[in-house]
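Student: Could you take me through one part of this model in close detail, and then place that part among the other elements that can be described around it? I would like a connected account rather than a list.

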Amino acid sequence: MKYYITTAIDYVNAKPHIGHAFEKVQADVLARYHRALGDDTYFLTGSDENSLKNVQAAKKAGIPINDFVDQNAQYFIDLKKILNLSFDSFIRTTEKRHFDGASKLWSAFKKEDIYKKDYQGFYCVGCEEFKTEKDLVDGCCPEHNTKPELIEEENYFFRLSNYQNELLELIEKNVIEITPDFRKNEIVSFIKGGLEDFSISRSRKRAENWGVPVPGDDDQIMYVWIDALSNYITALDYSTDGELFQKYWVNGDKRIHVIGKGILRFHAVYWPAMLLSSGIFAPLQVASHEYLTINGQKMSKSLGNIIDPDELTNRYGVDATRYLLISALPQNSDGDISWEKMDEKFTSDLANNLGNLVQRAISMMDRYSIKIPRSTSSGEGIDFSIAEEMEKTDTAGALKKIMSLAEIANKYIAEKQPWVLAKEGKTEELTQVLLRVYTDLINIARALLPFMPETAEKMQKQLMTLEPEPLFPRLES
Ligand SMILES: [Zn+2]
């Protein structure tokens, strides 16, 4: 199977925080899982650099915009090493391949879908989106708590209303698959409420001369979301109809966009409509995740509660950080973290449940000279699969299932008391018990591979050599 997976591309107006880290890790887990299944997998991430937000942040920092985006994009590229991500490509929307591809896509839109008109509306720069009365709470953007700006100008518009019925049908038939279900329902009712045409350009002046020019109209710059969404194909060399585009987009089997709930409409409505209009629509999955909060509060600069991803990896190590992020965010609701909670979880789930299990079991196998099977194919042991959770992109659910296996194996050891069997000379039963635990550990290691790649490898090695070493050293207080 040819599997194509992407994350949202991030504004580079600030450094990445653990919300960004969560999303990259989640997509990485899915990519590694599919590679382990033998799927031909391509994993893309990147940075959204053409936004007005970036221009404003650069001004504030007193740095030329080009240097500013170069510098900040690097922080996002560096996440690869910090979080052990396995992405195949990183697209920056200031690259030529992106500009060329975004222009090609615009030019491919059906002529009847694009029109120009005078427009007046409230624009939130934080969201990079026009807001309607319905979207606002007490006149403010609920996402940013700021009053949007009143903008009046002549823009190009996209006739989204042309696609209302088609989109609805594609979503209801899961050709555009939205996970989880409650987010799908939300989009269905949004579409049923009536789709309004939306502005897809801005004046060069308002864009501060930054962004992708509208083909054939020098006074207009593409609305940042129009260019940003096209990254999913420009990174595959859509502009030259390249091999990657043919392989993973046109002839691919699965295309999946991992995104946060705040930008679901862009991915489940606007983006498919753009693809339909340009004649390159292909079935999609849009995997929406909820938000991480810190001590019950939204992460924000003004609250000063932002945590850098490398603060986590410095304290817990890379794999444990991946574990803590994924397990903190259930699929159907926001997930809250705090240093206390993370410390506690590290100790109970990783050091005690998993770490102790591996160390105890391997020590016993060694002590009682258990002959371990040469092949590591699963024999008798706990029968399980995380396939269903993973197809639904419920990574937290899958991880929980895997960790419950470690719990079951711990209980099994406590109940069978191999040390008593050894004392009583019940060699056959002792061997059987420890071989079953061995199989469980092999299965756990295999299932953990996409989540904690280094830990899974260490487990497999220790199971081969029967030389236990602590997987999760105790935390410093
Ligand atoms: Zn906003």
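Tutor: What follows starts at the metal site and moves outward to the sheets, the backbone and the helices.

The model is a predicted one, and the zinc ion in it is coordinated by Cys124 (SG), Cys127 (SG), Cys141 (SG) and His144 (ND1), at 2.1 to 2.3 Å. The angles among these four donor atoms run from 97 to 118°, and the site is tetrahedral. For comparison, the ideal angle for four tetrahedral donors is 109.5 degrees. Along the chain the donors of the zinc ion follow the spacing C-x2-C-x13-C-x2-H. Cys124 belongs to strand E5 (residues 114-124), whereas Cys141 lies in the loop between strand E6 (129-131) and strand E7 (149-158), so this pair ties together parts that are 17 residues apart in sequence.

The loop between E6 and E7 also holds Asp138, a residue other than glycine whose phi is nevertheless positive, near 50°. Most residues other than glycine have a negative phi, and most peptide bonds are trans. The second half of that statement has its own exception here, since the peptide bond joining Thr179 and Pro180 is cis, with omega about -5°. Pro180 is placed in the loop between strand E8 (176-179) and helix H7 (181-192).

Turning to the sheet that contains E5, one finds an open arrangement of four strands in the order E6-E5-E7-E9, with antiparallel pairing. Strands E6 and E9 (198-199) stand at the edges, and each has a single partner strand, so one side of each is left without a neighbour in the sheet. E5 and E7 are paired in the antiparallel sense over ten bridges, and Ile114 has Phe158 as its bridge partner in E7.

Another open sheet has three strands in the order E10-E12-E11, again with antiparallel pairing. Its edges are strand E10 (201-203) and strand E11 (213-214), each with a single partner strand, so one side of each lacks a neighbour in the sheet. Three bridges join E10 to strand E12 (residues 217-222), the two running antiparallel, and the bridge partner of Ser201 in E12 is Met222. Helix H5 (residues 96-108) packs on this sheet and touches E10, E11 and E12, while its direction makes about 105° with that of E12.

The helices further along the chain can be read in a similar way. Helix H12 (residues 309-316) packs with helix H14 (residues 339-367) at an angle of about 35°, and their axes are 12 Å apart; the crossing of H12 and H14 is right-handed. On the H12 side the contact is made by Glu311, Leu312, Arg315 and Tyr316, and on the H14 side by Trp339, Met342, Asp343 and Phe346. Sorted by class, the contact of H12 with H14 has five nonpolar, no polar and three charged residues.

Finally, Ser327 is found in helix H13 (residues 318-328). Leaving aside residues up to four places away in sequence, Ser327 touches Lys345 and Leu399. Ser327 and Ser47 are 280 residues apart along the chain, and their C-alpha atoms are separated by 26 Å.

Key
Residues are numbered from 1 along each chain as its sequence is written. This is a predicted model: local features need pLDDT of at least 70, side-chain atom pairs count only at pLDDT 80 or more; totals for chains, interfaces and linings use all residues. Side-chain values use heavy atoms; hydrogens and water are left out. Axes are lines fitted to C-alpha atoms, for helices over the stretch in contact, and angles run from 0 to 180 degrees between N-to-C directions. A crossing is left-handed if the near helix is turned anticlockwise from the far one by less than a right angle, and right-handed if clockwise. Contact means heavy atoms within 4.5 Å. Ala, Val, Leu, Ile, Met, Phe, Trp, Tyr, Cys and Pro count as nonpolar, Asp, Glu, Lys and Arg as charged, and the others, Gly among them, as polar. Two strands pair if DSSP finds at least two bridges between them. Donors are N, O and S atoms within 2.8 Å of the metal (3.2 Å for Na, K and Ca); water is not among the atoms, so sites may look incomplete. Four donors count as tetrahedral if all angles lie between 85 and 135 degrees; four count as square planar and six as octahedral if opposite donors are over 155 degrees apart and all others between 65 and 115; anything else is irregular.
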